[in-house]
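Biologist: I should be grateful for a close look at one helix packing in this model. Please describe how the two helices meet and what lies beside them.

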Amino acid sequence: MKVDIGISAANLKKVCDNLNVVLADGNVLYLKLRKFHWNLKGPDFMQFHRLFEEQYEAMEKAIDEVAERISTLGGMAVGTTIEFGKLSQLKESPGTCPAPLEMAKELLQDHESIVKSLRTSIDDCEEKYEDKGTADFLTGLMQDHEKMAWQLRQYFV
């Protein structure tokens with residue numbers, strides 16, 4: 001059945017395309033957090049282990065919410081690593097694993113990249129696509145990434 005919520009079909013498609021990029025970024029970040037969590041070593045092991053676990057659990061929840069938002073709007077959520085790789089702005093480093101502080105720095109940069117991207121998406125959803133609901137949803141997601149970035153940034157003060 002067609003979604004009839006006061007947003008044109010063309011705009012709903014653009015919003016869902018945008019949300020799939022958010023979904024791809026979230027999944028790439030989630031996988032990085034898992035990889036780093038699994039491969040930690042050194043004196044700060046437990047501290048980073050817990051932090052990365054906290055963040056990947058938050059990302060897991062956020063990923064599901066983004067996918068459900070796409071479905072709510074009548075779209076189809078991407079769900080393969082190939083699609084995530086094509087759509088995500090985040091970079092991966094297969095076959096390598098940095099030291100814990102470098103992991104934290106890379107994750108911080110990823111969160112900040114996502115925050116910048118979300119700011120643009122929020123404006124687009126509200127102004128171009130007339131979807132205040134998705135703009136509000138993305139604002140909450142952006143605030144979560146801002147907080148996770150802040151937590152990581154504290155290691156570099």
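Modeller: What follows describes one pair of helices and a neighbouring loop residue. The model is predicted, so local features require pLDDT of at least 70 and side-chain atom pairs count only at pLDDT 80 or more, while totals for chains, interfaces and linings use all residues. Residues are numbered from 1 along each chain as its sequence is written, and side-chain values use heavy atoms, with hydrogens and water left out.

Helix 2 spans residues 45-72 and helix 4 residues 100-128; helices are DSSP runs of H or I with at least four residues, numbered from the N terminus. Their axes lie 11 Å apart at an angle of about 25°, the axes being lines fitted to C-alpha atoms over the stretch in contact, with angles from 0 to 180 degrees between N-to-C directions. The two helices are therefore roughly parallel (an angle under 35 degrees). To this contact, helix 2 contributes F48, F52 and Q55, and helix 4 contributes P100, L101, M103, A104, L107 and H111; contact means heavy atoms within 4.5 Å. By class, the contact has 7 nonpolar, 2 polar and no charged residues (Ala, Val, Leu, Ile, Met, Phe, Trp, Tyr, Cys and Pro count as nonpolar, Asp, Glu, Lys and Arg as charged, the others as polar).

After helix 2 comes G74, with a positive phi near 90°. P98 sits in the loop between helix 3 (81-87) and helix 4. Leaving aside neighbours within four places in sequence, P98 touches F36, M103 and E106. P98 and E65 are 33 residues apart in sequence and 30 Å apart in space, C-alpha to C-alpha.

Key
Angles under 35 degrees count as roughly parallel, over 145 as roughly antiparallel, 65 to 115 as roughly perpendicular and the rest as oblique.
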